[in-house]
Amino acid sequence: MKKRVLFSVSDKTGVCDFARRAAALGYEIVSTGGTQKALEDAGVAVVNVSEITGFPECLDGRLKTLHPAIHGGILAIRGSRDHMAQLELLSIDLIDIVVINLYPFKQTILRAGVHLDEAIENIDIGGPTLIRAAAKNWPDVVVAVDPADYDGILEQLESGGVPRERRFELACKVFEHTAHYDALIADYLCRQTKQRFPETLTVTYEKAQGLRYGENPHQAAAFYREIGGLQGSLARAEHLHGKELSFCNINDAAAAVALIKEFDRPCAVAVKHATPCGAGLGADITAAYRAARDADPEAIFGGVVSLNRACDAAAADELSQTHLDIIIAPGYTDEALEILTRKKNVRILLLENICDAMPEDTLDFKKVQGGLLVQEADCASFSPETLTVVTERKPSEEELEALGFAWRVCKHVKSNAVVLAQRDMTVGIGAGQVSRVAAAEIAVRGAGERAKGSVMASDAFFPFSDCVETAGAAGVTAIIQPGGSVRDQESIDAANRLGIAMVFTGVRHFKH
């Protein structure tokens, strides 16, 4: 009985070499029209699918391979006498190898301005059916969907055959491939309907890299990237220098990138354990970095720093004086790279669009045991016009500017969060506390003498007046918080008594 390979590929990479080598092993080459032309141009003898089905390709190529003469040859169990008898009765020949890759749906939807009709035309129907059929019958049929697998399959065929375990691996790859493909289609179409939270949620990511380990050395880990990857997201960063990123590096760097987007002025952000330990503004990026570093010179050691301006030699000189794990910037001068790369272990990342705002339709995912929490990302921005002054004293212009700075930082600090800041730099950060007054006390303790004349931001309302009392004792002059507590008046009264200006935002920024 003749041996056959069926080809139908959008990506022609390596297909002509596969067909030539398979033909040399005695396989008859069967193909659809587009692939047939490429094979024949390469000198390979090809039987068109229509010669086997007795039916022409039609509907602008939408219908080609959906026929019993094709699928019977793939799905028949070779060890079943009944199946083989039916094939003989129906004059259907076996297909032993299926080499398919699908219409380029992903590449189509990633193009700017693509129309829905074009996306729909790039939804493959016959291809997924063929490879699923071949994968279902993996003990008898070899299936290849990835050109990277071609050489290995051919080498095994030339050495006597593809082993059973490898056939199973290839079959598993098919179902990963089709699940990924269908998830892309479902996501794209749901986006057209503006459906944010469908009844069933299917998400798909592509593996960007394996990681040495997870949060701890005993945990295996990998990093997966969203399809296309958002401009300005960490997933789009280019790794210029230093060791591979670890699980914790990626998590910390993502936090640093998220916060830097809050500011238009030259800004530097320092992050440790996925929460800010310092942030600074300046006339230039060097001054901004000095402010971020001096916010907490101890905590920044071994941290991640993000910049929203290109790193020049002056900034690089300052950065190189502290041990840092990662530096992220939208650009580097040659002189800056020469300085920074003297330290072999510092990871230098280039993220050209680091200032791009997060799209408002971005979703935030949090995995919990047995489920997944999905919410709209916190894209609420600071707007002075929406503030409500609730105390007798209004904040001065300088205080208002400092409050806006502190509020933007506080949004990215783990809850319960309290931030103390001067006009252009944080001076104390209390993060991740189970008591809000504890967060305030930590921020005050971290600020020390710099608390005098600073402002305070809280990511959620004060349940009691104790945070205001703590602020007043430290010399804080103004407070920004959401408000909304049943005890708001107690905090307002305390602020009035202490001469502190306090404003309510009406917006909470919990971050867990």
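**Figure 1. Lining of the second largest pocket in the predicted model.** In this predicted model, the second largest pocket is lined by 19 residues, and those that lie nearest its centre are Asn101, Leu102, Gln107, Val145 and His177. The elements that contribute two or more residues to this lining are helix 6 (105–109) and helix 10 (164–192). Helix 10 gives the most, with six residues. By residue character, the lining of the second largest pocket divides into eight nonpolar, five polar and six charged residues, and the volume of this pocket is about 510 Å³.

**Figure 2. The open five-stranded sheet and its edges.** Five strands form an open sheet in the order 3-2-1-4-5, and their pairing is parallel. Strand 3 (47–48) and strand 5 (142–144) are the edge strands, each of which pairs on one side only. At the strand 5 edge, strand 4 (residues 97–101) and strand 5 pair in the parallel sense over three bridges, and valine 99 stands opposite alanine 144 in strand 5.

**Figure 3. Strand 2 and its two neighbours.** Strand 2 (residues 27–31) is mostly covered, since four of its five residues are buried. With strand 1 (residues 3–9), strand 2 runs parallel and is joined by five bridges, and leucine 6 stands opposite valine 30 of strand 2. Strand 2 is also joined to strand 3 by two bridges, again in the parallel sense, and here valine 30 stands opposite valine 47 in strand 3. Valine 30 can therefore be followed in this view as a residue that faces leucine 6 in one pairing and valine 47 in the other. Strands of a sheet pair through backbone hydrogen bonds, either parallel or antiparallel.

**Figure 4. Two β-α-β units that share strand 2.** Strand 1, helix 1 (residues 15–24) and strand 2 make a β-α-β unit that is right-handed. Strand 2 also belongs to a right-handed β-α-β unit with helix 2 (residues 33–41) and strand 3.

**Figure 5. Strand 21 between strand 16 and strand 20.** Strand 21 (residues 501–504) has Ala501 and Val503 pointing one way and Met502 and Phe504 pointing the other way, and all of these residues are buried. In a regular strand the side chains alternate between the two faces of the sheet. Strand 16 (residues 388–389) runs antiparallel to strand 21 and is joined to it by two bridges, with valine 389 having valine 503 as its bridge partner in strand 21. Strand 20 (residues 478–481), by contrast, pairs with strand 21 in the parallel sense over four bridges, and isoleucine 479 stands opposite methionine 502 in strand 21. From strand 20 the chain crosses through helix 18 (residues 488–498) to strand 21, and this β-α-β crossover is right-handed.

**Figure 6. Two positive phi values in the loop between strand 9 and strand 10.** Histidine 273 is placed in the loop between strand 9 (267–272) and strand 10 (275–281), and its phi is near 50 degrees, a positive value in a residue other than glycine. Alanine 274 is placed in the loop between strand 9 and strand 10 as well, and although alanine 274 is not a glycine, its phi is positive at about 65 degrees. Is each of these residues buried or exposed? Histidine 273 counts as exposed because its relative accessible area is 67%, and exposure begins over 50%. Alanine 274, on the other hand, counts as buried because its relative accessible area is 8%, and burial applies under 20%.

**Figure 7. The cis peptide bond before asparagine 416.** Serine 415 and asparagine 416 are joined by a cis peptide bond, for which omega is about -10 degrees. Asparagine 416 is found in the loop that lies between helix 15 (397–410) and strand 17 (418–421).

**Figure 8. Surroundings of threonine 470.** Threonine 470 lies in helix 17 (residues 466–474). Its relative accessible area is 16%, so threonine 470 is buried. When residues up to four places away in sequence are not counted, threonine 470 touches Val437, Ala440, Glu441 and Val444.

Definitions and conventions: Residues numbered from 1 in each chain as written. Predicted model: local features only at pLDDT ≥ 70, side-chain atom pairs only at ≥ 80, totals over all residues. Heavy atoms only, no water. Buried < 20%, exposed > 50% of the residue type's maximum accessible area, 1.4 Å probe, protein only. Pairing = 2+ DSSP bridges. Right-handed = clockwise from strand over helix to strand, strands pointing away. 1 Å grid on protein atoms, 1.4 Å probe; cavity = no way out; pocket = protein on both sides within 12 Å on 5 of 7 lines; lining within 4 Å. Points joined across faces, edges and corners; volume = space filled by probe spheres on them. Nonpolar A, V, L, I, M, F, W, Y, C, P; charged D, E, K, R; others polar. Contact = heavy atoms within 4.5 Å.
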